[in-house]
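Subject: Structure for you to look at, with notes

Dear colleague,

I am handing over the structure below, together with notes on what was found in it. Please read the notes with the coordinates open beside them.

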Amino acid sequence: MAPQPLAYEYEFTHPSPQRLARWINSTASLREYGIIAIEWERDLIRHGGAALARSINYHTGLNFRAHLDDATPEAAREFILNSPKADGVPSIWVTKPDGTSGVESELISPILEAGAAGDLENRLILAAIKENGAQVNTVCCGLHIHFGAISEYGNLKALRRPGQSQLAALCGVPLKRAQITLAEAYAYFQPVINAILPRSRRGSRRICGGCELPEASNWWLGEKGENDAGKSAFIHNPRQSAGGSGGNEGRYYKINFAALDLHGTVEFRQHQGTLNATKSIMWGRVCAAFWARAVNPAYNHLDVRDFAVNIGGMASYLGLGQKTVRYLRGRARRFDFPVVAGGDHNRSRGSQIRSAAQRQRYRERRGRERRGW
């Protein structure tokens, strides 16, 4: 199964964080499903767990004072991220202000359940917000998705050994290998990704979701295998950590590796802001598949250059299903990229090769094909 998102982050030009939380908490269908919203500043930063407990108690009728009254803001945040709905905890979404010009508020999801349950939450909350009159400027607003890598939170340690510190994992070989694999694959399919997103999200400006990855670092420039010395030096240097280009500016790339230092996550930033749940869910599937290819050793045998730079090739590499492929083809045609919209889709090429024997047979077959046997 693909890794679950740490969070969907939706940006809005309207309303304010306070009003956005009120909209969510006053919607009957969301309360019935156990979805509530809290305000970052009021309920977490200023008063920590006591304010969070009051907010949960008020909106749900449940009693969380014993769990949260003495909790620090950090402990309250950990409670949100590590408490699944199955334990009787509501699905807690967070509203907060955003410093981006033209963006008034941001809505952050909890860790959503994989599959239909998480998709339903997305659809319910976006429908309620849209009905109340939320507004999105697709030029300045974005949809950002975080995936767990080495986070402090137990269910988000995809590349962190038991007992290993976050700093050690940040300098570890598995994370840096995954970072290179993800960067190369995303850069290789960048023309395809550009074809399924509007013009405002293409290019290498901060307002387009950030710079394209070839500008991010020099350790992987060139096609896969052409910079082995640089990549090996980066991977095996125990004093060099994974991450972005440093500082706050390291955030502003299509994939934000600086989030590894800040949150222990990888953040996909290219998608435009949206109130359309289908767009956000489909984009989430694409990003999850990219990250799954990077973190799972079962896919190490795949060479991204074996796949065509079109929807069929990218979908084959990622192992996407037919429903997602139809959606992506439609997006590319809508933005007038008919050639990119084509290509043969063979899901098994990328998704169903698992055992060592299968991987070896695959490598041998590809070798014969390349030698013209």
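Asn57 counts as buried, because its relative accessibility is 18% and the cut-off for burial is under 20%. Please bear in mind, here and throughout, that this is a predicted model. Asn57 is found in helix H4, which covers residues 48-60, and its side chain reaches the backbone nitrogen of Phe64 at 2.9 Å. If neighbours within four places in sequence are left aside, the residues in contact with Asn57 are Leu62, Asn63, Phe64 and Arg65.

As for H4 itself, its 13 residues should span 18 Å at 1.5 Å a residue, and since its end C-alpha atoms are 19 Å apart, the expected and the computed values agree. The buried residues of H4 include Asn57 together with Gly48, Gly49, Ala50, Ala51 and Leu52, and also Ala53, Ser55 and Ile56. Just after the helix comes Gly61, which takes a positive phi of about 80°.

Helix H7, residues 116-132, can be described along similar lines: it has 17 residues and reaches 24 Å from its first C-alpha to its last, close to the 24 Å expected at 1.5 Å a residue. Its buried residues are Gly118, Asp119, Glu121, Asn122, Ile125, Leu126, Ala128 and Ile129, and H7 is followed by Gly133, whose phi is positive, near 105°. Ile125 also appears in a pair with Ser29, as the two are 96 residues apart in sequence but 9.1 Å apart in space, C-alpha to C-alpha. Ser29 lies in helix H2, residues 28-32, and is partly exposed, with a relative accessible area of 37%.

Helix H13 deserves a paragraph of its own. For its 19 residues, 277-295, a span of 27 Å should result at 1.5 Å a residue, and the end C-alpha atoms are indeed 27 Å apart, so expectation and model agree. H13 is mostly covered, with 17 of its 19 residues buried, and its N-terminal end is capped by Asn276, a side-chain oxygen of which lies 2.9 Å from the backbone nitrogen of Thr278.

Turning to empty space, how many cavities of 30 Å³ or more does a search of the whole structure find? The search finds two, and the largest cavity has a volume of about 60 Å³. It is lined by Ile196, Leu197, His271, Lys279, Trp283, Tyr327, Leu328 and Arg331. The elements that give two or more residues to this lining are H13 and helix H15 (322-334), and H15 gives the most, with three residues. By class, the lining of the largest cavity has five nonpolar, one polar and two charged residues.

The largest pocket has a volume of about 850 Å³. Of the 39 residues that line it, the closest to its centre are Glu9, Lys96, Glu106, Arg251 and Glu267. Two or more lining residues come from each of strand E1 (5-12), helix H3 (40-46), helix H6 (73-82), strand E3 (91-97), strand E4 (105-108), strand E5 (143-148) and helix H12 (259-263). The lining of the largest pocket divides into 18 nonpolar, 10 polar and 11 charged residues.

Two places in the backbone should also be noted. Most residues other than glycine have a negative phi, and most peptide bonds are trans. The peptide bond from His14 to Pro15, however, is cis, with omega near 15°, and Pro15 has its place in the loop between E1 and helix H1 (17-25). Asp336, for its part, has a positive phi of about 65° although it is not a glycine; it is found in the loop between H15 and helix H16 (347-351). Asp336 is exposed, because its relative accessible area is 62% and the cut-off for that class is over 50%.

Finally, for the protein as a whole, there are 17 helices and seven strands, and buried residues make up 55% of the 373 residues. Among contacts between residues at least 6 apart in sequence, 70% join residues at least 24 apart.

With best regards

Technical notes
Residues are numbered from 1 along each chain as its sequence is written. Side-chain values use heavy atoms; hydrogens and water are left out. Helices (H or I, at least four residues) and strands (E, at least two) are DSSP runs, numbered from the N terminus. The expected span of a helix is 1.5 Å times one less than its number of residues. Buried means under 20% relative accessible area, exposed over 50%, partly exposed in between (1.4 Å probe, protein chains only). A polar contact is a pair of N or O atoms within 3.5 Å; within protein, one must be able to donate a hydrogen and the other to accept it, and residues adjacent in sequence count only if both atoms are side-chain atoms. Contact means heavy atoms within 4.5 Å. On a 1 Å grid over the protein atoms alone, a cavity is a set of points where a 1.4 Å probe fits but cannot get out, and a pocket is an open set with protein on both sides within 12 Å along at least five of seven lines; lining residues have an atom within 4 Å of a point. Grid points are joined across faces, edges and corners, and a volume is the space filled by probe spheres set on the points. Ala, Val, Leu, Ile, Met, Phe, Trp, Tyr, Cys and Pro count as nonpolar, Asp, Glu, Lys and Arg as charged, and the others, Gly among them, as polar.
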